[in-house]
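Subject: The structure for you to look at

Hi there,

Here is the structure I promised to send you. Please open it next to this email, so that you can follow along as you read.

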Amino acid sequence: TNENNFFYDDISNEEMGLLGVAKVDSYDAVQAMQCSGSHVSIDLNTGLIYAENYLIARQDPNQLDDTYGARNKLSRTSSLQEERQFALGSLMNLCPIQAERTVVEILFSKFEREMYKKEDFIWKQGTQSTSIKIVVRGMLISILENEAGTFETISVGNTIGELGVIEGVPRISTVKCMSEEAVVYSLTLEKYKELAESCPKAVRLLDLICISYLSARVQHVSNRVFETRCLPI
């Protein structure tokens, strides 16, 4: 596999086209930024990505590898140990810098591995919030029901479902698997409640991750909170 490929390597160009996202590697992205004239994007989000990439490429093209989120350093042949180390590292990256590693490890020890196939539903909008998940491999998509094509891709290295569990509210979007397979690590509601009793510091980390996501969404110029009344996944 080309080391410049991103986490959606196992998704076809046709599938990515349906999402309005182009499959690119860092070299292709840099070449695209060297073109002149006008550029038309399918929607505001992809237009903003293109503009951001252009500005980044002018300063340091090597940084484009991080533009699309965490890169998938795992493959289908990766060992379970490598997979768990990657998942733990992803959780560490989401936690505040001052977070104690031992507390993060206690938190991660309660997560269990799950695998999904293409078109599998992780959950449906309106159902009970029963878990928080870390995306380790593959690609998921969050879809707002009863909306005109409103969706968001979920990249490797991110958590999903934290607000529903923390606030005790139903799922506010439908999440399904878009790649041939996806691997997530999941913290159940029961384990979350156990941690709240045994290690409040670990649960507090999830609170801070949720706050961080909310802050980023509220401040992002492309958020549609007034149209969708929806911020997190």
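Below is a short tour of two sheets, a pair of helices and one serine. Please keep in mind that this is a predicted model.

Let's begin with the sheets. A quick reminder: strands of a sheet pair through backbone hydrogen bonds, either parallel or antiparallel. One open sheet has four strands in the order E1-E8-E3-E6, and its pairing is antiparallel. Strand E1 (112-117) and strand E6 (159-160) are its edge strands, each pairing on one side only. Further in, strand E3 (residues 131-137) and strand E8 (residues 181-188) run antiparallel and are joined by six bridges. To find this pair on your screen, look for Ser131, which stands opposite Thr188 in E8. Helix H4 (residues 80-94) packs on this sheet, where it touches E1, E3, E6 and E8. The direction of H4 makes about 120° with that of E3.

The other open sheet also pairs in an antiparallel way, with four strands in the order E2-E7-E4-E5. Here the edge strands are strand E2 (121-123) and strand E5 (151-154), and each of them pairs on one side only. On average, neighbouring strands of this sheet are turned by 25° against each other, direction ignored. E2 and E7 run antiparallel, joined by two bridges. In E7, Val175 is the bridge partner of Trp123.

Now back to H4, which has a helix for company. Its axis and that of helix H5 (residues 101-108) come within 10 Å and cross at roughly 125°. That angle makes H4 oblique to H5, and the crossing is right-handed. Which residues of H4 meet H5? They are Arg84, Ala87, Leu88, Leu91 and Met92, and on the H5 side they meet Arg101, Val104, Glu105, Leu107 and Phe108.

Last comes the serine. Ser173 sits in the loop between helix H6 (162-167) and strand E7 (174-177). Is Ser173 buried or exposed? Its relative accessibility is 1%, and because buried means under 20%, Ser173 counts as buried. Its side chain is joined to that of Ser142 by a polar contact of 2.8 Å. Ser173 and Thr127 make a nice pair to look up as well: they are 46 residues apart in sequence, and their C-alpha atoms are 9.3 Å apart in space.

Have fun exploring, and write back with any questions!

Best wishes

Conventions: Residues are numbered from 1 along each chain as its sequence is written. This is a predicted model: local features need pLDDT of at least 70, side-chain atom pairs count only at pLDDT 80 or more; totals for chains, interfaces and linings use all residues. Side-chain values use heavy atoms; hydrogens and water are left out. Buried means under 20% relative accessible area, exposed over 50%, partly exposed in between (1.4 Å probe, protein chains only). A polar contact is a pair of N or O atoms within 3.5 Å; within protein, one must be able to donate a hydrogen and the other to accept it, and residues adjacent in sequence count only if both atoms are side-chain atoms. Two strands pair if DSSP finds at least two bridges between them. Axes are lines fitted to C-alpha atoms, for helices over the stretch in contact, and angles run from 0 to 180 degrees between N-to-C directions. Contact means heavy atoms within 4.5 Å. Angles under 35 degrees count as roughly parallel, over 145 as roughly antiparallel, 65 to 115 as roughly perpendicular and the rest as oblique. A crossing is left-handed if the near helix is turned anticlockwise from the far one by less than a right angle, and right-handed if clockwise.
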